[in-house]
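Notebook open, structure loaded. I want to go from the inside of the fold to its surface and jot down what I find.

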Amino acid sequence: MILSGKSTRQNQAIVRDLKETAKAKGINVLGWEGYEEGSWVLLDLGDVVIHMLLEPLRDFYDLESIWAEAPKVKWQKAKPAKSK
């Protein structure tokens with residue numbers, strides 16, 4: 001996943017929340033790097049690697065072009081389960 005934020009604090013907060021949510025769901029966090037600086041934070045969840053970059057860095061490095069042939073998936077928030 002490639003995400004972008006508007007500030008280093010926003011990047012740190014999003015990655016911290018993703019890490020905590022993964023752990024709560026029993027997903028192993030294999031590692032994370034760049035958190036202290038916050039401009040490019042990498043979160044390794046094994047099958048999924050998350051790159052959280054500041055918007056200018058995302059534009060500059062253009063990671064999406066590396067996987068230009070890969071299908072793009074639009075993120076959708078899960079709908080709450082209906083209670084009976």
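Which residues make up the largest nonpolar core? I looked this up before anything else, keeping in mind that the model is predicted. The core consists of 8 residues: V15, A22, Y35, V41, L43, L45, I50 and M52. I then checked where they come from, and α1, β3 (40-44) and β4 (49-54) each put in at least two of them.

**Entry: V15.** I picked one core member and listed its contacts. Leaving out residues up to four places away in sequence, V15 touches W32, V41, L43 and M52. V41, L43 and M52 are also on the core list.

**Entry: N11.** Next I went to a polar residue in helix α1, which runs over residues 8-24. Is N11 buried or exposed? N11 has a relative accessible area of 0%, so I put it down as buried, the cut-off being under 20%. I wanted to know what its side chain meets in there. A polar atom of that side chain lies 3.3 Å from the backbone nitrogen of G5. Beyond four places in sequence, I noted N11 in contact with S4, G5, G38, S39, M52, L53 and L54. M52 turns up here as well as in the V15 list.

**Entry: salt bridges.** How many salt bridges does a search of the whole structure find? I get 2.

One of them joins the side chains of E55 and K6, at 3.4 Å from N to O. E55 sits in helix α2 (residues 55-61) and K6 in the loop between β1 and α1, so this pair ties together parts that are 49 residues apart in sequence. I also checked exposure: K6 is exposed at 67% relative accessible area, while E55 comes out partly exposed at 33%.

R58 and E64 form a salt bridge too, with their closest N and O atoms 2.5 Å apart. R58 is partly exposed, with a relative accessible area of 24%. For E64 I also wrote down 24%, again partly exposed.

**Entry: surface patch.** Last, I looked for nonpolar side chains on the outside. M1, V48 and W75 make a nonpolar surface patch of about 340 Å². M1 belongs to the segment before β1 (2-5). Why can M1 be part of a patch? Its relative accessibility is 39%, and patch residues need over 30%, so M1 passes that cut-off. By the exposure classes, M1 counts as partly exposed.

Note on methods: Residues are numbered from 1 along each chain as its sequence is written. This is a predicted model: local features need pLDDT of at least 70, side-chain atom pairs count only at pLDDT 80 or more; totals for chains, interfaces and linings use all residues. Side-chain values use heavy atoms; hydrogens and water are left out. Helices (H or I, at least four residues) and strands (E, at least two) are DSSP runs, numbered from the N terminus. Buried means under 20% relative accessible area, exposed over 50%, partly exposed in between (1.4 Å probe, protein chains only). A polar contact is a pair of N or O atoms within 3.5 Å; within protein, one must be able to donate a hydrogen and the other to accept it, and residues adjacent in sequence count only if both atoms are side-chain atoms. Contact means heavy atoms within 4.5 Å. A nonpolar core is a set of buried Ala, Val, Leu, Ile, Met, Phe, Trp, Tyr and Cys residues joined through side-chain atoms within 4.5 Å. Patches are made of residues with over 30% relative accessible area and no salt bridge: like charges are joined within 9 Å, nonpolar side chains (Val, Leu, Ile, Met, Phe, Trp, Tyr) within 5 Å. Accessible areas come from the Shrake-Rupley method with a 1.4 Å probe; for residues, only the protein chains shown count as cover. A salt bridge is a side-chain nitrogen of Lys or Arg within 4 Å of a carboxyl oxygen of Asp or Glu.
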